[in-house]
Amino acid sequence: MDLREGGSQFFGSDEVYRGSKVAAPRYYKTQDVETAPSNLILHSCPVELSRSLAPSLKPVMLRAEEFIYQEGDRIDFIYFPVTAVISEFKMLEDGRAVEIAVTGNEGAIGLSLMFSETKTSQNFTQVSQAGMALKLDAITFGKLLRSNDTLRNGLNQFVDLYIKQISQKAICNMYHSVKERLCTWLLMLQDRSGRSTLKLTHEQIARTLGVYRPSVTCIAQELREMKLIDYSRGGISICNRERVKKSACTCYLELSYA
């Protein structure tokens with residue numbers, strides 16, 4: 001089952017958003033066809049499964065830098081990002097945090113419930129880009145998982161990608177320069193959010209990459225002088241994706257799904 005093809009498009013329907021204070025996402029055009037942004041795992045589900053899921057999926061707006069889970073928190077909900085992008089972190093002994101995975105509309109947050117009986121988060125999970133997600137309570141998720149092979153197979157595909165990302169990031173954090181890692185991360189965020197301008201601060205970038213802020217400021221200034229990016233207070237735009245790709249490490253090709 002290809003996560004980019006087939007399946008229902010109920011996420012753009014009124015059924016999910018009716019009665020909620022969260023507005024349905026804006027439609028965008030792809031090849032002259034209007035399509036609502038959706039989570040690719042859920043989008044790939046057959047129509048019957050989509051209909052059974054719809055009443056249990058609750059749309060929520062996630063704020064930038066909001067913690068979804070902290071390490072040791074009980075996992076009560078699974079989050080399927082639609083326009084939000086969520087990062088997972090491990091804390092270093094000196095108090096710094098390093099991102100180990102980033103998830104957008106290609107995946108889900110809280111899937112350790114599939115494999116662990118402890119039902120607690122192993123990582124710090126924080127919103128990198130504000131946006132919408134659909135959340136499903138853990139009890140309903142468990143029941144659906146046990147009774148539906150299609151959903152389980154779709155989630156297993158994402159888990160494979162997730163494990164690959166963690167492995168690749170371990171190599172990236174150890175061997176690649178901060179400049180390369182920053183370019184890779186900006187591309188990954190843009191792929192997953194679909195935004196031309198990313199709402200970021202230098203301090204947030206420094207925390208994510210596990211480096212000090214002056215390093216990020218110097219690199220960002222260099223990239224702006226090269227006309228690869230532009231930035232203002234709280235926002236960074238990629239001006240030339242192809243040149244940013246050339247400045248990124250090879251991990252981007254390994255971690256990209258776009």
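Buried means under 20% relative accessible area, exposed means over 50%, and partly exposed is what falls in between (1.4 Å probe, protein chains only). Keep that scale at hand for the exercises below.

The model is predicted, so local features need pLDDT of at least 70 and side-chain atom pairs count only at pLDDT 80 or more, while totals for chains, interfaces and linings use all residues. Residues are numbered from 1 along each chain as its sequence is written, and side-chain values use heavy atoms, with hydrogens and water left out.

**Exercise 1. Salt bridges across the chain**

Task: Find the partners of Arg192, Asp191 and Lys164, and place each pair in the structure.

Solution:

Step 1. Start with the rule: a salt bridge is a side-chain nitrogen of Lys or Arg within 4 Å of a carboxyl oxygen of Asp or Glu. A search of the whole structure finds 11 salt bridges.

Step 2. Arg192 pairs with Glu106, and their closest N and O atoms are 3.1 Å apart. This pair links distant parts of the chain, 86 residues apart: Glu106 sits in the loop between strand 7 (97-103) and strand 8 (124-129), and Arg192 in helix 6 (residues 178-193). Helices (H or I, at least four residues) and strands (E, at least two) are DSSP runs, numbered from the N terminus. Glu106 counts as buried because its relative accessibility is 5%, and Arg192 is buried too, at 3%.

Step 3. Asp191 meets Arg241 in a salt bridge of 3.1 Å, N to O. Arg241 lies in helix 9 (residues 241-247) and Asp191 in helix 6, so the pair ties together parts that are 50 residues apart in sequence. Asp191 counts as buried at 16% relative accessibility, whereas Arg241 counts as partly exposed at 25%.

Step 4. Lys164 meets Glu254 at 3.6 Å, N to O. Glu254 is in helix 10 (residues 251-255) and Lys164 in helix 5, with their positions 90 residues apart in the chain. Glu254 is partly exposed, with 39% relative accessibility, and Lys164 is partly exposed with a relative accessible area of 39%.

**Exercise 2. Glu65 and Lys227**

Task: What is the sign of phi in Glu65 and in Lys227, and where do these residues lie?

Solution:

Step 1. Most residues other than glycine have a negative phi.

Step 2. Glu65 has a positive phi, near 70°. Its place is the loop between strand 3 (58-62) and strand 4 (67-69), and it is partly exposed at 32%. Glu65 also belongs to a network of salt bridges with Glu203 and Arg207.

Step 3. Lys227 has a positive phi as well, near 65°. Look for Lys227 in the loop between helix 8 (213-225) and strand 11 (229-232); at 62% relative accessibility, it counts as exposed.

**Exercise 3. Nonpolar cores and a surface patch**

Task: Which residues touch the most other members of the largest nonpolar core, and which form a nonpolar patch on the surface?

Solution:

Step 1. A nonpolar core is a set of buried Ala, Val, Leu, Ile, Met, Phe, Trp, Tyr and Cys residues joined through side-chain atoms within 4.5 Å. The largest has 38 residues, and Leu53, Leu62, Ile78, Phe80, Leu111, Phe141 and Leu155 touch the most other members. Helix 5 gives the most to this core, with 5 residues.

Step 2. Take Leu111: leaving aside residues up to four places away in sequence, it touches Ile78, Phe141, Leu155, Phe158 and Val159, where contact means heavy atoms within 4.5 Å. Apart from this core lies another, of 31 residues, including Trp185 and Leu223.

Step 3. Now turn to the surface, where Ile171, Met174 and Tyr175 form a nonpolar patch with about 380 Å² of accessible area together. Patches are made of residues with over 30% relative accessible area and no salt bridge; like charges are joined within 9 Å, and nonpolar side chains (Val, Leu, Ile, Met, Phe, Trp, Tyr) within 5 Å. Accessible areas come from the Shrake-Rupley method with a 1.4 Å probe; for residues, only the protein chains shown count as cover. Ile171 is found in helix 5 (residues 149-175) and counts as partly exposed at 40%.

**Exercise 4. Cysteines**

Task: How many disulfides does the structure hold, and which cysteine sulfur is nearest to that of Cys251?

Solution:

Step 1. With a disulfide taken as a pair of cysteine sulfur atoms within 2.5 Å, the search of the whole structure finds 0.

Step 2. For Cys251, the nearest cysteine sulfur is that of Cys172, 3.8 Å away. Cys251 is buried, with a relative accessible area of 0%.
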